[in-house]
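Biologist: I would like to go through this structure with you slowly, one question at a time. Could you give the cut-offs as we go?

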Amino acid sequence: MLRTQKALCAVFFLLAFALLPRSAGGWTEEDFQRKPYLRRPLVAVPSSDLEHERTVVGRRLFRQVRKGDTFLDLARYYGLGFEEMKDANPGVDPWVPPEGQIVLLPTEWVLPDTKWEGIVVNIPEMRLYYFHPRAKQDEGVRVSTFPVGLGRTEWKTPRGRFRIRGKTVNPTWVIPESIRRERIQERGWSEVSIPGGSPDNPLGKHRFELTLPMYAIHGTNIPWGVGMQVSHGCIRMYPEDIEHLFPQVKIGTPGEFVYQPVKVGARDGEIYVEVHRDIYQYTPGLYREAMRLLEKRGWAEKIDRRRLARAVEERTGVPMVISRSPETELVEEEVLELPRPSAALGGG
């Protein structure tokens with residue numbers, strides 16, 4: 001298994017280089033329009049059998065930093081958020097990463113523990129999942145996933161179910177009075193609305209209206225805010241992401257905002273855990289939450305608790321194998337005897 005894992009890492013490392021834009025180091029909007037992950041959805045397979053379940057999708061990649069790269073550019077091109085890149089690469093300067101540095105691209109995800117239907121936004125992960133309509137003959141579930149920006153601590157994005165009640169191209173932003181007062185106080189801006197298509201319009205060019213009052217999923221005029229807590233509670237997407245998603249999502253599509261800083265899943269018979277920062281401080285006991293989820297699946301006695309404890313401590317947001325088996329126990333013993341991963345390997 002170890003040899004297989006090393007071979008896969010080499011393959012995906014080379015794939016990351018093959019997918020580089022021609023203008024690497026001098027990023028353009030055209031580069032982001034061509035980013036590879038927009039091309040086809042991932043496939044998940046739900047199952048009550050651990051050996052056949054596939055609730056971990058994607059594969060992590062590695063990339064050698066080139067002159068001019070920042071985490072903002074790398075995140076956007078590879079379908080990630082800024083904070084995702086930072087958490088996966090602790091100790092690496094996100095603004096001026098050293099040229100030649102190997103960074104981990106966390107393009108692998110455990111799916112949320114919820115109904116796989118329509119749009120699901122996992123708040124602490126700052127990520128949206130779109131579960132495509134499923135045909136009867138499909139063996140798996142097609143899912144596309146995108147990073148999102150969401151509400152600041154004082155403007156928390158709420159949990160709750162909703163439906164898409166409308167779709168607008170070049171929406172006008174009618175500024176809520178509470179936000180308008182904030183804008184007047186902080187910047188002296190007193191507009192009541194900003195017309196659609198204006199470069200100053202924070203809604204961008206596409207908006208999904210929700211049945212959840214006062215909230216929407218929309219584009220942005222400031223792409224760097226995706227993957228950060230910067231909004232007044234709404235969900236922001238990269239312009240090219242929502243443009244890609246917009247025609248696929250029909251009015252009436254169901255959705256849910258969930259809060260899951262810990263997720264567990266399986267692939268190829270291995271059990272994984274993915275742990276994120278508890279950004280709104282709703283889940284103080286992350287290890288306890290992980291064990292609850294594992295017990296719910298009947299997996300609690302099949303995992304190496306030292307691996308689980310390490311994943312909870314590090315909170316990198318990267319899916320980690322926690323299965324208990326002769327091979328994984330040996331790997332765990334070797335890892336525990338070594339120092340924490342170096343920044344050169346991006347914590348991966």
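Biologist: Which residues does Leu 74 touch, not counting those up to four places away in sequence?
Modeller: This is a predicted model, and contact here means heavy atoms within 4.5 Å. Leaving out residues up to four places away in sequence, Leu 74 touches Trp 27, Arg 63, Asp 69, Met 85 and Val 103.

Biologist: Before we go on, what pLDDT do side-chain atom pairs need in order to count?
Modeller: Residues are numbered from 1 along each chain as its sequence is written, and side-chain values use heavy atoms, with hydrogens and water left out. Because the model is predicted, local features need pLDDT of at least 70, while totals for chains, interfaces and linings use all residues, and side-chain atom pairs count only at pLDDT 80 or more.

Biologist: Which element gives the largest share of the largest nonpolar core?
Modeller: A nonpolar core is a set of buried Ala, Val, Leu, Ile, Met, Phe, Trp, Tyr and Cys residues joined through side-chain atoms within 4.5 Å, where buried means under 20% relative accessible area, exposed over 50% and partly exposed in between, with a 1.4 Å probe and protein chains only. The largest such core has 28 residues, and Phe 71, Leu 74, Tyr 78, Leu 80, Met 85, Leu 111 and Phe 131 have the most contacts inside it. Two or more residues come from each of α3 (71-77), α4, β4 (102-105), β7 (127-131) and β8 (141-147), with helices (H or I, at least four residues) and strands (E, at least two) taken as DSSP runs numbered from the N terminus. The largest share, 4 residues, comes from α3.

Biologist: How many residues does the other core have, the one lying apart from it?
Modeller: In soluble globular proteins, nonpolar side chains tend to be buried together. The other core includes Val 148, Leu 150, Ile 217 and Phe 257, and its size is 25 residues.

Biologist: Is Pro 94 buried or exposed?
Modeller: Pro 94 lies in the loop between α4 and β4, and, its neighbours within four places in sequence aside, Pro 94 is in contact with Thr 70, Phe 71, Phe 82 and Lys 86. Because its relative accessibility is 14%, Pro 94 counts as buried.

Biologist: Which residues lie nearest the centre of the largest cavity?
Modeller: On a 1 Å grid over the protein atoms alone, a cavity is a set of points where a 1.4 Å probe fits but cannot get out, and lining residues have an atom within 4 Å of a point. The structure holds 1 cavity of 30 Å³ or more, and about 120 Å³ of space lies in the largest cavity, the volume being the space filled by probe spheres set on grid points that are joined across faces, edges and corners. Helix α4 (residues 82-88) gives the largest share of the lining, 3 residues. Of the 13 lining residues, those nearest the centre are Glu 83, Glu 84, Asp 87, Glu 125 and His 276.

Biologist: Which side chain makes a polar contact with the side chain of Asp 87?
Modeller: Asp 87 is found in helix α4, and residues up to four places away in sequence aside, Asp 87 touches Arg 277, Arg 315 and Thr 316. A polar contact is a pair of N or O atoms within 3.5 Å; within protein, one must be able to donate a hydrogen and the other to accept it, and residues adjacent in sequence count only if both atoms are side-chain atoms. At 3.2 Å, the partner of the Asp 87 side chain is that of Arg 277.

Biologist: What phi does Arg 315 take, just after α8?
Modeller: At the N-terminal end of α8, Asp 304 acts as a cap, with a side-chain oxygen 2.9 Å from the backbone nitrogen of Arg 306. Within α8 (residues 305-314), the buried residues are Arg 307, Leu 308, Arg 310, Ala 311, Val 312 and Glu 314. Just after α8, Arg 315 takes a positive phi of about 50 degrees.

Biologist: What distance separates the side chains of Ser 323 and Glu 270 in their polar contact?
Modeller: Ser 323 lies in the loop between β20 (320-321) and α9 (326-336), and Ser 323 is buried because its relative accessible area is 6%. A polar atom of the Ser 323 side chain lies 2.6 Å from the backbone nitrogen of Ile 271. The polar contact between the side chains of Ser 323 and Glu 270 is 2.8 Å.

Technical notes: 1 Å grid on protein atoms, 1.4 Å probe; cavity = no way out; pocket = protein on both sides within 12 Å on 5 of 7 lines; lining within 4 Å.
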